[in-house]
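Welcome, and please have your viewer ready. We will go from stop to stop, with something to select at each one.

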Amino acid sequence: MKKQIGALALTAALGLSLVGCTGSNGSTGGDVSTGEDSAYARYTAATKILEDTTAMEGKSLTAMNLAVAGESMDITMDFDIAMIMHSDTDVEMLMTGTADYYGQSMDMNIYYKDSYMYTESQGVKVKTSVPIEEAMSSASLEALDITESAIKSQEITDVNGDTQVTFVLDGPALGSIVDDMIESMTASLGSDSELTLGDITYTALIGADGNIKNCAMDMAFDMAVAGETATATISTSVEYTAFGDNVTIDAPTDLDTYTEV
C-alpha cells in the first residue's frame, strides 16, 4: 500500500505542478481590490494577451519533495516547451527535458500532433491517442483557474521597470483543481481518500509591453488514504522565451518508428 500511495501522491503532485501561469475569472470575494490599478487587474490584462497568443515557447522547472510513511524523495522536472495552435483543432507541441525521481534521471522527448502524443525516453518510443485538451494541459503553459474569491492577499512591486504581481491564494477555493485530483484518487483507491491543498503563493513578472515574462508558484498538499498520509511541497516556474512568429518546432523525423499503446 505504501508504494501505491506514493505513486498516487506523485501523480497528484505532477497534476498540480502542471497548472500554468495564466487565468482567469470568477466572482468577487472578500475585501480584495480588483480596481484597474490592482495586482489582479494588471495580471488579468496580461493573461488575456497570453491567452490570445497562438504560439509560445518557454522553460518549465518543477521541484517537489514527497514524504510518505517516514520516507522522503525529491523529484525535479526541467523542460523546454514549444506550442503552436495552427487552429482550434490543430495543435503542435514539443517538450524536451529531464525528469529526476526515485534516484534516476530520465531524458524525455514528447511531441504532439494530429491527436497523437509521441514519447521517447530511455530508448523506448511509444505513441498514444490523446485528446487535444489533455495535450495542451500537459504543456504546463495552460490556464490556472484563479477566481477573485480565492485571493487572500495581493501585492505589486516594481522590478527594474517591470511589474511583479504576487498573490496568496486559498488552495481549497481553487475547487476545480482539488475536485479533479480527488476524482482521480477515488477512482484508484476508493472513496475514503482525501486531498487537502494548502495556500498557494503565486508570482508573475509583467513586462512593459504587457506580456508575462515569467511566473512561479509554491504550494503544498496532504493526501490521506486508508490511514496513510503523504505530504508534498511543490515549486514550479515558467519563463516565456518567445511568442508568435518567433516560435518554431522541429518535428521528429522518425514518427513512423513509434509503437502505439
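## Stop one: a group of tyrosines

Select Tyr-111, which is buried, with a relative accessible area of 4%. Keep in mind on this tour that the model is predicted. Now add Tyr-118, which counts as buried because its relative accessibility is 11%, under the 20% limit.

Which other residues join Tyr-111 and Tyr-118 in one aromatic cluster? Add Tyr-116 and Tyr-258 to your selection and you have the cluster on screen. Before leaving, select Lys-127 as well: this residue lies over the face of Tyr-116, 5.0 Å from the ring centre.

## Stop two: Lys-125 and its surroundings

Next, select strand 6, residues 124–129, and pick out Lys-125 within this strand. Lys-125 counts as partly exposed, at 24% relative accessibility. Show Tyr-258 again: its C-alpha atom is 4.9 Å from that of Lys-125, although the two residues are 133 apart along the chain.

What does the side chain of Lys-125 join through a polar contact? Select Asp-254, and you will find the two side chains linked at 2.5 Å. Leaving aside neighbours within four places in sequence, Lys-125 also has contacts that include Thr-119, Glu-120, Thr-257 and Thr-259.

## Stop three: helix 2

Move on to residues 39–51, which make up helix 2. This helix has 13 residues and reaches 18 Å from its first C-alpha to its last, close to the 18 Å expected. Colour its buried residues: Ala-39, Tyr-40, Tyr-43, Ala-46, Thr-47 and Leu-50. Turn the view to look down the axis of helix 2; the buried residues fall within an arc of 130°, so they line one face of the helix. A general point helps here: an α-helix has 3.6 residues a turn, so residues three or four places apart point the same way.

## Stop four: aromatic pairs

How many aromatic pairs does a search of the whole structure find? There are 6. For one of them, select Tyr-43 and Tyr-202: the ring centres are 5.9 Å apart and the planes stand at 90°, so this pair is edge-to-face. Tyr-43 lies in helix 2 and Tyr-202 in strand 10, residues 200–206, so the pair ties together parts that are 159 residues apart in sequence. Both Tyr-43 and Tyr-202 are buried. By contrast, the pair of Tyr-111 and Tyr-118 is tilted, with 6.2 Å from centre to centre and 40° between the planes.

## Last stop: Thr-163

Finally, select Thr-163 in strand 8, residues 162–169. Is Thr-163 buried or exposed? Thr-163 counts as buried, at 19% relative accessibility. Beyond residues up to four places away in sequence, Thr-163 touches Arg-42, Ile-156, Thr-157, Ala-204, Leu-205 and Ile-206.

Note on methods:
Residues numbered from 1 in each chain as written. Predicted model: local features only at pLDDT ≥ 70, side-chain atom pairs only at ≥ 80, totals over all residues. Heavy atoms only, no water. Helix = DSSP H or I, 4+ residues; strand = E, 2+ residues; numbered from the N terminus. Expected span 1.5 Å × (residues − 1). Buried < 20%, exposed > 50% of the residue type's maximum accessible area, 1.4 Å probe, protein only. Arc of directions from axis to C-beta. Contact = heavy atoms within 4.5 Å. Phe/Tyr/Trp six-rings, centres within 6.5 Å; stacked < 30°, edge-to-face > 60°. Lys NZ or Arg CZ within 6 Å of the ring centre and 35° of its normal. Polar contact = N/O pair within 3.5 Å; in protein donor to acceptor, adjacent residues only side chain to side chain.
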